[in-house]
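Student: I should like to be guided through this structure by questions and answers. May we begin once it is displayed?

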Amino acid sequence: LTSELSSPVLYELGLEPAIEWVASQMRKRFDLETRVQWDRQPKPMDEQIRNVLFQATSELLTNVVKHAGTRTATVEIERNGRNIHISVKDNGVGFNGATLKSAHENRDAFGLFNIRERLKHLGGSFLIESTPGRGTRATLVAPLKLDGSHDA
């Protein structure tokens, strides 16, 4: 369980290889084909941010398996200035965005609410775009550094 929450790959090889590892686990366990794409830019980031992004991406892929009704997903990772953006997209059943507005009353949406709060605490943001019958795109945005200093 510990290795799934915080994979040794995350510490040894970095965020992108760790997300590829999660994608391979999703393929083996749940037959979810996940394409991982990244921009190959350096992303020196604080450990706390890396952990939150890894866990949030894993949770979003689990949501695809549980709720989307599809067997394919795409994860896109890119550096945008001093931030990192990670998008998890699927072409599944989608949902009505009003569900998220009542997350504190809706157990199914609590995980998404929790992701939003963790990112907000780090100075980041979380955006969900979904349309019933047309899939979902969840985008995580976080600063590379917590203290405002940024390595190139």
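Tutor: A salt bridge is a side-chain nitrogen of Lys or Arg within 4 Å of a carboxyl oxygen of Asp or Glu. The model is predicted, so local features need pLDDT of at least 70 and side-chain atom pairs count only at pLDDT 80 or more, while totals for chains, interfaces and linings use all residues. Residues are numbered from 1 along each chain as its sequence is written, and side-chain values use heavy atoms, with hydrogens and water left out.

Student: Which residue forms a salt bridge with glutamate 16?

Tutor: Side chains of opposite charge can pair when their charged atoms come close. For glutamate 16, the closest N and O atoms of the pair are 2.8 Å apart. The partner lies in the loop between strand E1 (33-38) and H4, 27 residues from glutamate 16 in helix H3; helices (H or I, at least four residues) and strands (E, at least two) are DSSP runs, numbered from the N terminus. The residue is lysine 43.

Student: Is lysine 43 buried or exposed?

Tutor: Buried means under 20% relative accessible area, exposed over 50%, and partly exposed in between (1.4 Å probe, protein chains only). Lysine 43 has a relative accessible area of 12%, and glutamate 16 is likewise assigned 12%. Lysine 43 is therefore buried.

Student: Which residue is linked with Glu16 and Lys43 in a network of salt bridges?

Tutor: The structure holds seven salt bridges. Glu16 and Lys43 belong to a network of them, together with Asp39.

Student: Which residue in strand E5 forms a salt bridge with glutamate 76?

Tutor: Glutamate 76, in strand E2, forms a salt bridge with lysine 89 of strand E3, with closest N and O atoms 3.0 Å apart. Glutamate 76 also has a partner in strand E5, 61 residues away, and there the closest N and O atoms are 3.6 Å apart. That partner counts as partly exposed at 28% relative accessibility. The residue is arginine 137.

Student: Over how many bridges do strand E3 and E5 pair?

Tutor: Two strands pair if DSSP finds at least two bridges between them. Strand E4 (residues 125-131) and E5 pair in the antiparallel sense over seven bridges, and serine 125 stands opposite valine 141 in E5. Strand E3 (residues 83-90) also pairs with E5 in the antiparallel sense, and the number of bridges is eight.

Student: In E5, which residue is the bridge partner of valine 88?

Tutor: Strand E5 spans residues 135-143, and eight of its nine residues are buried. Within E5, the bridge partner of valine 88 is alanine 138.

Student: Which helix gives the most to the largest nonpolar core?

Tutor: A nonpolar core is a set of buried Ala, Val, Leu, Ile, Met, Phe, Trp, Tyr and Cys residues joined through side-chain atoms within 4.5 Å. The largest has 35 residues, and Leu15, Leu53, Ile84, Ile86, Phe126 and Leu140 touch the most other members. Elements that each supply at least two residues include helix H3 (15-30), helix H4 (47-68) and helix H6 (107-121). The greatest contribution, nine residues, comes from H4.
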